[in-house]
Amino acid sequence: MRVTVFGIGYVGLVQAAVLAEVGHDVVCVDVDSDKIENLKQGIIPIYESGLEQIVRQNYEAGRLNFTTDAAIGVLHGEVQFIAVGTPPEEDGSADLQYVLAVAETIARHMDSHRILIDKSTVPVGTADKVRERVAAVLAQRGREDLGFDVVSNPEFLKEGSAVADCMRPDRIVIGTDSRGSEEVMRELYAPFNRNHEKIIVMDVRSAELTKYAANCMLATKISFMNEMANLAEELGADIEMVRQGIGSDPRIGYHFIYAGAGYGGSCFPKDIQALIRTADSIDFDARVLKAVEARNERQKTVLFRKIDRHFAGDLAGKTFALWGLSFKPNTNDMREAPSRVLMEALWQAGAKVQAYDPEALDEAQRLYGNRDDLILCGTKEAALKGAEALVIVTEWQAFKAPDFDFIKQQLRRPVIFDGRNLFEPRRMVRKGIVYCSIGR
């Protein structure tokens with residue numbers, strides 16, 4: 001099938017590459033000419049396991065192409081994915097200007113029936129706005145005879161495992177009232193739907209809300225566990241024992257019930273805020289969502305508060321080793337990352353940071369540039385040298401079995417602040433390390 005993808009960011013590039021991998025003929029359109037040229041040379045703008053190889057192989061095979069020419073993209077595919085960004089406005093609501101701009105572009109160049117697929121995470125009612133914009137442009141052109149459909153097809157990718165999630169999806173949500181569009185979408189996703197039925201068809205507005213509801217539910221589980229962790233500390237309980245106790249209940253399960261330093265990334269914070277703003281727009285008080293957001297913002301400060309308390313507020317001139325900059329493992333994404341909140345608080349207090357991350361060093365350099373109070377280190381060992389204490393913010397595999405004797409030798413004090421509960425407290429006591437974790 002001939003497919004066009006507008007927006008070659010995280011979602012668009014992964015979706016395009018995976019569709020090409022199973023044999024579809026895919027053209028990717030983006031306004032960033034540098035990004036397009038880099039992709040043609042196999043230079044991937046994001047870190048995602050397995051993505052670079054798939055992009056290279058399918059570009060060389062001619063199944064995946066990149067262009068800045070929107071007209072080429074519109075004329076190429078009957079199916080037109082809209083996967084551009086929906087950044088938050090100042091009030092937290094989703095900015096739809098890029099989505100609607102693509103809809104207008106498609107309407108300006110289309111010469112036959114097109115199916116527009118909202119792949120971006122968009123508020124309920126966006127498909128109606130897309131439909132109105134396309135119809136208006138077609139009317140201006142005097143081409144009301146051209147048919148089109150608007151489908152909601154939200155993505156459910158996890159950063160760090162996006163290629164696998166796309167190749168082997170848990171579910172494929174299709175929001176449409178058109179039988180014809182449903183059949184086209186079933187054909188498009190047939191290669192991913194062979195083992196058992198994964199396609200769930202519903203009306204467009206329900207599909208739009210499904211994406212937000214899923215992310216908000218997962219964020220709620222995280223914030224709930226962080227609340228329990230704070231309570232456990234006050235009551236003398238161990239949140240890791242509590243996690244095992246409640247996770248064994250199949251109604252709850254073990255996923256997303258790890259206490260920590262708060263969630264970040266491009267999805268959870270933005271989607272919580274956007275759904276709150278949607279609720280506000282219809283005078284509905286989304287109390288649970290507001291509490292989830294408030295708890296997470298508070299949780300991002302927990303590591304700094306522990307550090308500040310341990311050193312009795314005397315942080316000026318001290319240097320701290322920081323392991324982990326990305327908001328989660330297996331990505332270089334630092335959007336809304338707890339590491340940023342921690343570093344900025346340490347700098348405000350006059351402290352310095354020696355940081356290491358397996359993939360996010362370039363991103364940290366891009367965000368913060370050159371500054372005297374930030375040293376980006378090439379290894380986790382280098383970050384330790386002469387630091388007052390070690391702070392673990394991201395649970396990369398490389399951090400889970402360190403040489404504790406070496407850590408003690410390199411640090412000025414044998415202190416670890418662990419924002420991800422990687423180690424067993426009694427073991428740290430036996431090692432002679434002061435160990436401050438979350439909810440224990």
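## Pro154 and its surroundings

In this predicted model, Pro154 lies in the loop that links β6 (148-152) to α7 (162-167). Pro154 counts as buried because its relative accessibility is 7%, below the 20% cut-off.

Apart from neighbours within four places in sequence, the contacts of Pro154 are Asp118, Lys119, Val173, Ala207 and Lys211. Ile272 is separated from Pro154 by 118 residues in sequence, and the C-alpha to C-alpha separation in space is 16 Å.

## Thr319 and strand β9

Thr319 belongs to strand β9, which spans residues 319-323. With a relative accessibility of 16%, Thr319 counts as buried. Leaving aside neighbours within four places in sequence, Thr319 contacts Lys352, Gln354, Ala387, Glu388 and Ala389.

## The annotated C-terminal span

An unreviewed UniProt entry assigns residues 321-425 the annotation "domain: UDP-glucose/GDP-mannose dehydrogenase C-terminal". This span is 30% helix and 18% strand, and its end C-alpha atoms are 20 Å apart.

## Strand β13 and its partners

In a regular strand, side chains alternate between the two faces of the sheet. In β13 (residues 415-418), Val415 and Phe417 point one way, Ile416 and Asp418 point the other way, and all are buried.

Strand β12 (residues 389-392) pairs with β13 in the parallel sense over 3 bridges, and Ile392 stands opposite Asp418. The connection from β12 to β13 passes through helix α17 (residues 404-410), forming a right-handed β-α-β crossover.

β13 also runs parallel to strand β14 (residues 434-436), to which 3 bridges join it; Val434 in β14 is the bridge partner of Val415. Together with helix α18 (residues 425-430), β13 and β14 form a right-handed β-α-β unit.

Notes. Residues are numbered from 1 along each chain as its sequence is written. This is a predicted model: local features need pLDDT of at least 70, side-chain atom pairs count only at pLDDT 80 or more; totals for chains, interfaces and linings use all residues. Side-chain values use heavy atoms; hydrogens and water are left out. Helices (H or I, at least four residues) and strands (E, at least two) are DSSP runs, numbered from the N terminus. Buried means under 20% relative accessible area, exposed over 50%, partly exposed in between (1.4 Å probe, protein chains only). Contact means heavy atoms within 4.5 Å. UniProt positions are given in the numbering used here, feature names are shortened, and annotations may be inferred rather than shown by experiment. Two strands pair if DSSP finds at least two bridges between them. A crossover is right-handed if, with the strands pointing away from the viewer, the path from the first strand over the helix to the second runs clockwise.
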